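Visitor: I am new to this structure and would like to understand the words used for it. Could you show it to me and then take my questions one at a time?

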Amino acid sequence: MADDTTPDEGATPTGFEAVEGGPELSTGESPQVVQPEGLERTHPTVKATFDRFPDAVLRHEINAGDQHVLFLESSRNLELLGWLRDDPDQKFDLLSDVTAVDYGGGRPLQVVYQLWSITYRRSLRVKCELPLDALEIDSVVGLWSTANWLEREVYDMFGITFRNHPDLRRILMPKNYAEGHPLRKDFPLRGRFSRAEQTRRALDLDADDYYLPGERGPGRDPQILGESEES
Amino acid sequence: MTRKTIEYTVGRNPEMGIDGRPAQGLMEPLEVEEPTLGTERMLVNLGPQHPATHGVLRLILELEGETVVSCTPDIGFLHSSFEKLGEYRTWNQIVTLTDRMDYLAPLIYNCAYAMSVEKLMGIEVTPRCKVVRVIMMELDRIFSHLLWLGTTAIDVGAFTPFLYAFQERERIYKLHESLTGARITTSATRIGGMMADIPEGWEHDVRHFIETFPRTLDEIDTLLTTNAIHLGRTLDIGVISAEDALNAGFTGPNLRATGLDYDLRKDNPYYDYETYDFDVPVGQNGDCYDRYLVRMEEMRQSVKILHQALDRLPGGPINVEDPHISLPSKTDAMNDMASMIHHFKMIMEGIPAPAGDCYFAVEGSKGELGMYVVSDGGSKPVRWRIRPPSFVNLSVISQLVEGHLLADVIMVNASLDIVLGEIDR
């Protein structure tokens, strides 16, 4: 999908060419860190998760020296994250971050949950891989309300749909933004539309048209009076 | 032409006593029948261009009389996609993007970014660099809290603390300038060290600052902490319980004001913070006043850390002595062909990072500031993500202001200490 932006082998574009051509995409497989066996036993939570959900944990990595990463079955993220939060031996009560990673080259997108347990002073990174043709995953807003805006941002930037999210709309980009999802690797740095078209759309946006009293608020869909062009 | 004389009844109000007090006790509300008023709710658009929103933040408020029924924040006005820009830059070039996010505490962002990449690359910086970065981060914690203090005070009508706080900030600006050459866009760190070692006499300037600054802080303290107006505007306003705050992802002073003593400098120490002697202030009620008290005390604790850091500042090199990471000195690059080629290759190609990812969080002035970097083995990141503390803290504002008056929205928003450059990124 992003092949036309991949630079030729050997000739690394520099300066403005590099900017025009898009980010450098590595063409290899998803980088997997080679690690000795049995290291998952060193992190109590990783060990417990492997023992309890042997079929839902896909693999385990240790990155940057001591950071444990668990790859989970994306269809069971809610169940496992709920267990990680509530189990008395895990207690990951702070969801630091929800984000996503696009490696480009048609590889699956990763949704990344960064957890921290205040009780046990432990951190854990949980990843779920989503193939590009099925960018849907359960929302964890029910577990941590902090996921509300963070998941909206992932939806805005990567186009991943979070099922059962109470208020899934764009958050950083304007509501009539129709150029796609900016942090995907196939998105050109300067956007898809021309500068003139971008300016025209920005001026078209009359923010006052978007809200009516009593009809909006957290958890309620905004009542759109002026139909935007994309719909 | 007729001359018209108008008599003004200037002077005494017949209902008032001699020295301005009411002649017949306190004024009672008149017994007037309430007119039948429409119950239509009003929509007030606060911002995006309003000084009290502390940036280009837009709040859409639904009001019932003067009470807020619901609040919908609208953000993204400053969005410049730093994360996308970072994917087109080498690891060292990204440093300049970090200080443009939180321009109120740029050095903390510089340091946090460099630390996360160093962690990914497995680089251990020199002891001198560690202490210098601790000094920079604590200095900018004061820097950021002072801006919060001044602007919050002016939001509730206190003008003097604003002037005092900004005068002290100006001194930190000067310290920034002599350290990095810039007042706001510092870009002080590099992977494996700093842009340059601290200039001669800088530590004496810092020491002079931390010796004189607490006096100003005490003056502001006497102006605000027991001030009846300030108390009335902050006590029991924007209350959140510790459990809710944790669930909502609050970190930093906002979380500690609810009574949880979660501080990354203590709980997940980096740069030998466990060897510094300092306390973590916590509040009890989680309201605006506790957030104020926590930040005031944090500035004092930062001064304490700064004293210890300056005392232990070791000598030696500031950058790691590894030719794969650090640039050769300018003298060498200008005089020696091999060093010049080395310099050229380092600048043009960048430093490759091993494949993998790394999340590294520091205790920023506004909360947990995490940097998540993903590499596939190249000299540019595949993904560079900032865990934005203000973004997460702001997301709770609709809960905090519901049921409060419109004027309290300003206070709650100010007490969260947000910076829009980092929320919109």
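Visitor: What makes a set of residues the largest nonpolar core here, and which have the most contacts inside it?

Guide: A nonpolar core is a set of buried Ala, Val, Leu, Ile, Met, Phe, Trp, Tyr and Cys residues joined through C-beta atoms within 7 Å, where buried means that 20 or more other C-beta atoms, placed from the backbone, lie within 10 Å of a residue's own (exposed is 12 or fewer, partly exposed in between). The largest set of this kind has 151 residues, and those with the most contacts inside it are B:Ile108, B:Cys111, B:Ala112, B:Val117, B:Leu139, B:Val362 and B:Val412. Helix α4 (residues 127-155) of chain B gives the largest share of this core, 14 residues.

Guide: A word of care belongs here: this is a predicted model, in which local features need pLDDT of at least 70 and side-chain atom pairs count only at pLDDT 80 or more, while totals for chains, interfaces and linings use all residues. Residues are numbered from 1 along each chain as its sequence is written, and chains are lettered from A and ligands numbered from 1 in the order in which they are written.

Visitor: Which residues does B:Cys111 touch, and what counts as touching?

Guide: Two residues are in contact if their C-beta atoms, placed from the backbone, lie within 7 Å. Leaving aside residues up to four places away in sequence, B:Cys111 touches B:Arg133, B:Met136, B:Met137, B:Thr189 and B:Val362.

Visitor: How many helices and strands does chain B have, and what makes a stretch one or the other?

Guide: Both are DSSP runs numbered from the N terminus, a helix being H or I over at least four residues and a strand E over at least two; chain B comes to 17 helices and eight strands.

Visitor: Why are β1(B) and β2(B) said to pair?

Guide: Two strands pair if DSSP finds at least two bridges between them, and five bridges join β1(B) to β2 (residues 58-64) of chain B, so the pair meets the definition. These two strands run antiparallel, and B:Met42 stands opposite B:Leu63 in β2(B).

Visitor: What makes β1 and β3 of chain B edge strands?

Guide: The open sheet of three strands has the order β1-β2-β3 (chain B), with antiparallel pairing, and β1 (42-46) and β3 (67-74) each pair on one side only.
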